[in-house]
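Biologist: I should like to learn how strand pairing and a nonpolar core are read from a model. Please take the structure shown below as the example.

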Amino acid sequence: MSRRVLVLPLIALLGLSRPALADTLLIERAQETPAAAPVRGQTAADVEARFGAPQQKLEPRGGQKRQWPVIQRWVYPGFTVYFEKSRVIDVVINKASAEEIGPKPPIR
């Protein structure tokens with residue numbers, strides 16, 4: 001009898017549980033397929049020579065004060081490059097699909 005008392009709540013809990021959903025994390029995808037991307041310190045001319053013209057050049061941000069530098073952003077199919085004074089300061093991998101969990105798209 002005591003065995004039934006322990007087994008019945010366990011069965012009820014298993015019945016209520018949902019199957020796990022698999023999410024693709026941007027971090028996992030970036031680690032699996034290391035894409036060739038610009039590196040910090042490269043010039044804008046070097047990036048354009050190696051990767052071609054960007055799909056889109058977003059309007060610059062910042063520069064309202066002297067201590068806030070102007071940041072340029074170039075969007076390529078697989079990544080977005082951020083420049084300060086024509087030097088790469090960061091590269092962010094773009095989402096592959098809307099379902100992928102990762103950074104938000106850049107503000108336009």
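Biologist: Which residue stands opposite W74 in β3?

Modeller: This is a predicted model. In it, V81 is the residue of β3 that stands opposite W74. The two strands, β2 and β3, run antiparallel and are joined by 5 bridges. A hairpin of 3 residues links β2 to β3.

Biologist: With which other strand does β2 pair, and in which sense?

Modeller: β2 pairs with strand β1, residues 56–61, in the antiparallel sense over 4 bridges. One of the bridge partners is V75 in β2, matched with Q56.

Biologist: Why is β2 described as largely enclosed by the rest of the structure?

Modeller: Strand β2 spans residues 71–75, and 4 of its 5 residues are buried, so the rest of the structure largely encloses this strand. The cut-off for buried is under 20% relative accessible area.

Biologist: Which residues make up the largest nonpolar core?

Modeller: In soluble globular proteins, nonpolar side chains tend to be buried together. Here the largest such core has 8 residues: A44, V47, W74, Y76, F79, V81, F83 and V88. Two or more residues come from each of α3 (44–51) and β3 (79–84). With 3 residues, β3 gives the most to this core.

Biologist: What does F83 touch, leaving aside residues up to four places away in sequence?

Modeller: F83 touches T43, A44, V47, V70, I71, Q72, W74, V88 and I89. Among these contacts, A44, V47, W74 and V88 also belong to the core.

Key. Residues are numbered from 1 along each chain as its sequence is written. This is a predicted model: local features need pLDDT of at least 70, side-chain atom pairs count only at pLDDT 80 or more; totals for chains, interfaces and linings use all residues. Side-chain values use heavy atoms; hydrogens and water are left out. A nonpolar core is a set of buried Ala, Val, Leu, Ile, Met, Phe, Trp, Tyr and Cys residues joined through side-chain atoms within 4.5 Å. Buried means under 20% relative accessible area, exposed over 50%, partly exposed in between (1.4 Å probe, protein chains only). Contact means heavy atoms within 4.5 Å. Two strands pair if DSSP finds at least two bridges between them.
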